[in-house]
Amino acid sequence: MSTTRPYPPGDLGPEPGGAGASAAVPAAAAPVGQIRRLRLAGTRGAVARGRDFARQALHDWGWLPAATADQRAAAEDVLLVVSELVTNACLHAEGPEELRLRCTAKVLRLEVSDLGAGSPAPRSPHRPGRPGGHGMFIVQRLCLDWGVVRNADGAGKTVWAELAAPS
């Protein structure tokens, strides 16, 4: 399952620590606490729409166009994780309801809400040579942390992931 922090959607919890987590986007480029939402319920092409929405947010927040290879890699990681989370909701949870992005000076939090009952988890053991089943393994490897929060009414969940802002 997740690495552990079951914070509710929108609650970033304590400041993340560790290598790479101290990098910051210039204050002018990353509006602290800004949240972007995209309704995906009942739409076609949810993965592409989610990725395009995230790409525009990264552009608006100054992550794109990337000036360095590290900044480009950070933006590509965000787009890959958005793709994986939305794809999982499409394949395993009756489709995504909403994508939310929250930017702070140090972390970008991605949240995908769905009405599914299951919980995502990296397949164990991970089999790199086999097709399929790599989505949550990728999320786990690229993110500072990730988790699942069940909706209070019992219907559905939010899968969240946090990535470090580029240096």
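**A nonpolar core and the helix beside it**

In this predicted model, the largest nonpolar core takes in 34 residues, and the members that touch the most others are Trp 63, Leu 85, Leu 101 and Leu 110. Contributions come from many parts of the fold: H1, H2, S2, S3, helix H3 (135-142), strand S4 (145-150) and strand S5 (157-164) each put in at least two residues. H2 gives the most, with nine. Nothing odd about the general idea here: nonpolar side chains in soluble globular proteins tend to be buried together.

Leu 110 is a handy place to look around. Setting aside neighbours within four places in sequence, Leu 110 is in contact with Val 78, Val 81, Val 82 and Leu 85, with Arg 100 and Leu 101, and with Val 159, Trp 160, Ala 161 and Leu 163. Two of these partners, Leu 85 and Leu 101, also appear with Leu 110 among the core members that touch the most others.

As for the overall layout, the protein chain has three helices and five strands, arranged along the sequence as β-α-α-β-β-α-β-β. Contacts reach a long way along the chain: of those between residues at least 6 apart in sequence, 67% join residues at least 24 apart. Out of 167 residues, 44% count as buried. What the protein chain does expose comes to about 8400 Å², with carbon and sulfur atoms supplying 54% of that area.

Helix H1 (residues 46-60) checks out on simple geometry. With 15 residues at 1.5 Å a residue, H1 should span 21 Å, and its end C-alpha atoms do sit 21 Å apart, so the two figures agree. Which residues of H1 are buried? They are Ala 46, Gly 50, Phe 53, Ala 54, Ala 57 and Leu 58. Because these residues cover an arc of only 135° around the axis, they lie on the same side of H1. That buried set packs against strand S1 (34-39), helix H2 (69-92), strand S2 (96-103) and strand S3 (107-114). After H1 comes Gly 62, with a positive phi near 85°.

Lastly, the cysteines. Cys 103 has a relative accessible area of 0%, so this residue is buried. Cys 143, at 10% relative accessibility, counts as buried too, because the cut-off is under 20%. How many disulfides does the structure hold? The count is zero.

Definitions and conventions. Residues numbered from 1 in each chain as written. Predicted model: local features only at pLDDT ≥ 70, side-chain atom pairs only at ≥ 80, totals over all residues. Heavy atoms only, no water. Helix = DSSP H or I, 4+ residues; strand = E, 2+ residues; numbered from the N terminus. Buried < 20%, exposed > 50% of the residue type's maximum accessible area, 1.4 Å probe, protein only. Contact = heavy atoms within 4.5 Å. Areas by Shrake-Rupley, 256 points an atom, 1.4 Å probe, with all protein chains shown as cover. Disulfide = S-S within 2.5 Å. Expected span 1.5 Å × (residues − 1). Arc of directions from axis to C-beta. Core = buried A, V, L, I, M, F, W, Y, C linked by side-chain atoms within 4.5 Å.
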